[in-house]
Amino acid sequence: MSLLVTGGAGFIGANFVLDWLTRHDEPVVNLDKLTYAGNLESLVSLGSDVRHIFVRGDIGDAGLVDKLLMEHRPRAVINFAAESHVDRSIHGPGEFIQTNIVGTFHLLESVRAYWGALEGEAKQRFRFLHVSTDEVYGSLTQDAPAFSERNRYEPNSPYSASKAASDHLVRAYHHTYGLPVLTTNCSNNYGPYQFPEKLIPLCILNALAGKPLPIYGDGLQVRDWLYVNDHCRAIGLVLQSGLVGETYNIGGRSEMANLDVVQTLCANLDELRPRNDGRSYASQITFVKDRPGHDRRYAIDATKLERELGWKPRETFETGLRKTVAWYLENQSWVVNVTSGAYRHWLDEHYSP
């Protein structure tokens, strides 16, 4: 048996592959296009591990996906592959439409044909698990209850709209063709190997470099924060025990405003890597123009996952952030290699005060 994991060199995908191969002997076929956020250095610890089979390619390449399915005969496909940064979707939505919608469609078509040809127990056991986001539900007011699986979709950015469309395709392939699917919608992930365009790694790197820590608007946008290893463990449980056709929300029960996140991050850096002048890294916080259509609050109600599958996050935001800051401090070579000149140019263009 094996798993086919798409997007397995990205942030969440790589963490899943590493976690899975730590706890299981089942091989992983890892298909990743290696766009700017896909990084094989995140998987270097696997070395020559024969259980990890990496293939560079696109989920939209039907010929390649068909070949991998027939050659490796996976019992499940886990789809992490996606363009995922809201800011990039605002400045260039085309790639998000192509990867998140068209790419998912082609992947589903290949998987449907593969599953349709399976027989007996192999067909009954097969699963397609689609990894999505809480952003498909839109924005919450400050006193509204957290998103449950029953919330209607109200995406507000090209990114979230493209993910919502992919979720709908997955649902349709189950109801129309019977494809045995599972969908997960997660809150904001953080942890090791996250590409430094997202808030936490960006601010860690900027803080150490003496650069401004950019905060959109008033910094009071609220997100629910989920440590990536908790997310990976939840995905494994859903794959193992989730009911076919169901959606499971995964959240960290750690709502926090962006400004509070950065201030907490600065307090950790003040302790673990103090500035030479003795000042707090919080003095580098800089407020920048808010991005268009910025959702005010996300929050995930993970009660269904907790009740039905017995999952709960092991990390609080404080413990998870501490581990994250320590990881970036201890892995500067990974950081240096991922932050190319083109990436720095993009940051300067889109995050100037």
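**Figure 1. E26 and R75, a buried salt-bridge pair in the predicted model.** Both E26 and R75 are buried. Their side chains meet in a salt bridge, with N to O at 2.6 Å. The contact links distant parts of the chain, since 49 residues separate the two partners. E26 sits in the loop between α1 (11-23) and β2 (28-32). R75 sits in the loop between α2 (62-72) and β4 (76-79). The structure is a predicted model. A search of the whole structure finds 20 salt bridges, and E26 with R75 is one of the salt-bridged pairs.

**Figure 2. E121 and R125, a salt bridge within helix α5.** The closest N and O atoms of E121 and R125 are 3.6 Å apart. Both residues belong to helix α5 (residues 120-125). They are four residues apart, so about one helical turn separates them. An α-helix has 3.6 residues a turn, so residues three or four places apart point the same way. E121 is exposed, because its relative accessible area of 58% is over the 50% cut-off. R125 has 32% relative accessibility and therefore counts as partly exposed.

**Figure 3. E246 and K304, a salt bridge between a loop and a helix.** The side chains of E246 and K304 meet at 2.5 Å, N to O. This pair also links distant parts of the chain, at a separation of 58 residues. E246 lies in the loop between α8 (228-241) and β10 (247-250). K304 lies in helix α10 (residues 303-309). E246 is partly exposed, with a relative accessible area of 30%. K304 has a relative accessible area of 12%, under the 20% cut-off, so K304 is buried.

**Figure 4. D25, D49 and R51, a salt-bridge network.** Salt bridges link D25, D49 and R51 in a network.

**Figure 5. The second largest cavity and its lining.** Two cavities of 30 Å³ or more are found in a search of the whole structure. The second largest has a volume of about 60 Å³. Its lining includes V86, E135, S157, S160 and R223. R291, P292, G293, H294, D295 and Y298 also line this cavity. By residue class, the lining divides into three nonpolar, four polar and four charged.

**Figure 6. Helix α7, largely enclosed by the rest of the structure.** Helix α7 spans residues 199-208. Eight of its ten residues are buried, so the helix is largely enclosed by the rest of the structure. The buried residues are I200, P201, L202, C203, I204, L205, N206 and A207. G210 follows α7. The phi of G210 is positive, near 75 degrees.

**Figure 7. Strand β8 and its pairing with β12.** In a regular strand the side chains alternate between the two faces of the sheet. In strand β8 (residues 213-216), L213 and I215 point one way. P214 and Y216 point the other way. All of these residues are buried. β8 pairs with strand β12 (residues 285-288) in the parallel sense, over four bridges. P214 stands opposite T286 in β12.

**Figure 8. The open sheet of seven strands.** The strand order is β3-β2-β1-β4-β5-β6-β10, and the pairing is parallel. β3 (52-56) and β10 are the edge strands, each pairing on one side only. Neighbouring strands of the sheet are turned by 20 degrees against each other on average, direction ignored. At one edge, β2 and β3 pair in the parallel sense over five bridges. The bridge partner of L31 is V55, in β3.

**Figure 9. The open sheet of three strands.** This sheet has the order β7-β9-β11, with mixed pairing. Its edge strands are β7 (188-190) and β11 (255-257), each of which pairs on one side only. The twist averages 50 degrees from one strand to the next. β7 and strand β9 (residues 222-227) pair in the parallel sense over three bridges. N188 stands opposite W225 in β9.

Methods:
Residues numbered from 1 in each chain as written. Predicted model: local features only at pLDDT ≥ 70, side-chain atom pairs only at ≥ 80, totals over all residues. Heavy atoms only, no water. Salt bridge = Lys/Arg side-chain N within 4 Å of Asp/Glu carboxyl O. Helix = DSSP H or I, 4+ residues; strand = E, 2+ residues; numbered from the N terminus. Buried < 20%, exposed > 50% of the residue type's maximum accessible area, 1.4 Å probe, protein only. 1 Å grid on protein atoms, 1.4 Å probe; cavity = no way out; pocket = protein on both sides within 12 Å on 5 of 7 lines; lining within 4 Å. Points joined across faces, edges and corners; volume = space filled by probe spheres on them. Nonpolar A, V, L, I, M, F, W, Y, C, P; charged D, E, K, R; others polar. Pairing = 2+ DSSP bridges. Axes fitted to C-alpha atoms, helices over the stretch in contact; angles between N-to-C directions.
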